[in-house]
Amino acid sequence: MDRWHAMQVFAKVADSGSFAVAARALNMSPPAVTRAIAGLEDLIGTRLLIRTTRRVSLTEAGQRYAQECRRILAEIDEAEAAAAGAYAKPTGGLTVTASILFGQIYVLPIMTEYLDRHQAVSGRLLLLDRIVNMVEDGIDVAIRIGPLADSELSAIKVGTVRRIICGAPAYFGKHGLPQRPEDLKGHSIIATTGSSAPQEWRFGQRPQSMTLPARLACSTNAASISAALSGWGLTRVLSYQVGEALADGRLQVVLADFEEPPLPIHVVHVEGRRTAAKVRAFVDLAVERLRANRLING
């Protein structure tokens with residue numbers, strides 16, 4: 001049995017809590033994962049995992065062994081990368097994740113500039129409007145908007161965004177400017193949603209919610225923004241999503257005094273004792289470019 005490979009399999013099962021997820025991540029069949037774990041348990045002479053029909057959990061011995069596996073595997077990776085010069089020069093594959101619109105507008109140009117600078121690196125940009133597990137999904141760097149919950153990650157704040165209500169000047173010319181949140185009930189509301197259900201919009205530094213019926217429900221932010229740009233109604237988006245339209249006057253913010261607290265933007269990566277050059281170089285470039293961007297630091 002390849003003990004190093006078995007330790008990789010066990011660590012992936014321990015981190016994901018699932019044989020099936022570990023199998024997909026390692027490009028293995030579920031039976032092969034099961035055999036690797038069984039072989040490791042036979043070799044060690046103790047049970048590492050408790051399997052039920054719904055979940056997989058670690059035994060007490062499994063918890064201790066998982067910690068040691070992670071440490072040993074990290075040290076092997078570092079030793080191999082150091083021997084290959086990965087800590088001196090960016091090489092290999094780099095996976096970065098961000099939300100869809102933020103990634104398209106702000107992260108994609110950083111990625112292409114980075115790849116132009118470092119010809120020995122290939123990039124993968126994973127754009128999703130959900131939080132992914134960086135370790136489980138093999139993510140090197142994440143650009144995240146909002147409070148962070150992952151204390152084991154290294155995070156660098158690069159800016160803030162606001163949740164704003166906006167519309168076209170032509171719309172306000174016809175319907176007037178709302179002065180208080182209650183005034184929105186007399187306006188055409190454009191919501192981004194998968195249903196026609198009323199929308200809950202939150203206001204104030206101690207946020208209070210208000211339920212507003214949406215006259216138009218769009219399945220994407222881009223469609224809602226297009227409707228607002230056409231002068232049809234008001235929509236609520238993150239400020240970066242309409243930064244250019246606000247800067248050139250095509251959209252106008254209303255009820256700014258009633259906004260929720262700004263949301264932080266962080267560049268996040270898994271912090272090890274030594275960060276690979278490919279990650280360090282991308283983080284440094286992303287921090288520089290995002291902090292200099294007036295649309296998220298204005």
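In which strand is the place of Arg 144?

## A buried arginine in strand 5

In this predicted model, Arg 144 belongs to strand 5, which covers residues 141-145. Its relative accessibility is 6%, and because buried means under 20%, Arg 144 counts as buried. A polar atom of the side chain of Arg 144 lies 2.7 Å from the backbone oxygen of Val 132.

## The open sheet and its order

Strands of a sheet pair through backbone hydrogen bonds, and the pairing may be either parallel or antiparallel. One sheet in this model is open, has five strands in the order 11-8-12-7-13, and shows mixed pairing. At its edges stand strand 11 (216-218) and strand 13 (252-254), each of which has a single partner strand, so that one side of each is left without a neighbour in the sheet. On average, neighbouring strands of this sheet are turned by 40 degrees against each other, with direction ignored.

The pairings can be followed from strand to strand. Strand 8 (residues 189-192) pairs with strand 12 in the parallel sense over two bridges, and here Ile 190 stands opposite Thr 235 of strand 12. Strand 7 (residues 163-167) runs antiparallel to strand 12, and four bridges join the two; Cys 166 has Thr 235 in strand 12 as its bridge partner. Strand 7 also pairs with strand 13, again in the antiparallel sense and over three bridges, and the bridge partner of Gly 167 in strand 13 is Gln 252.

## Strand 12 and the helix across the sheet

Why is strand 12 described as largely enclosed by the rest of the structure? Five of the five residues of this strand, which spans residues 234-238, are buried, and therefore strand 12 is largely enclosed. Both of its faces are covered, since the buried residues include Leu 234, Arg 236 and Leu 238 on one side, and Thr 235 and Val 237 on the other.

Helix 7, made of residues 221-229, lies across strand 8, strand 11 and strand 12, and it runs at about 165 degrees to strand 8.

## Salt bridges

Side chains of opposite charge can pair when their charged atoms come close. In this model the count comes to 13 salt bridges. One of them joins Glu 41 and Arg 51, whose closest N and O atoms are 3.3 Å apart. Glu 41 lies in helix 3 (residues 30-44) and Arg 51 in strand 1 (residues 49-51), so this pair ties together parts that are 10 residues apart in sequence. Glu 41 counts as buried, at 12% relative accessibility, whereas Arg 51, at 35%, counts as partly exposed.

Another salt bridge brings together the side chains of Arg 163 and Glu 260, at 3.7 Å from N to O. This pair links distant parts of the chain, because Arg 163 is in strand 7 and Glu 260 is in the loop between strand 13 and strand 14 (263-270), 97 residues apart. Arg 163 is partly exposed, with a relative accessible area of 34%, while Glu 260 is buried, with a relative accessible area of 16%. A further salt bridge is formed by Arg 180 and Glu 182, with the closest N and O atoms 3.6 Å apart; Arg 180 is partly exposed at 46% relative accessibility, and Glu 182 is partly exposed with a relative accessible area of 45%. Finally, salt bridges that share partners join Glu 113, Arg 117, Glu 288 and Arg 289 into one network.

Key:
Residues numbered from 1 in each chain as written. Predicted model: local features only at pLDDT ≥ 70, side-chain atom pairs only at ≥ 80, totals over all residues. Heavy atoms only, no water. Buried < 20%, exposed > 50% of the residue type's maximum accessible area, 1.4 Å probe, protein only. Pairing = 2+ DSSP bridges. Axes fitted to C-alpha atoms, helices over the stretch in contact; angles between N-to-C directions. Contact = heavy atoms within 4.5 Å. Polar contact = N/O pair within 3.5 Å; in protein donor to acceptor, adjacent residues only side chain to side chain. Salt bridge = Lys/Arg side-chain N within 4 Å of Asp/Glu carboxyl O.
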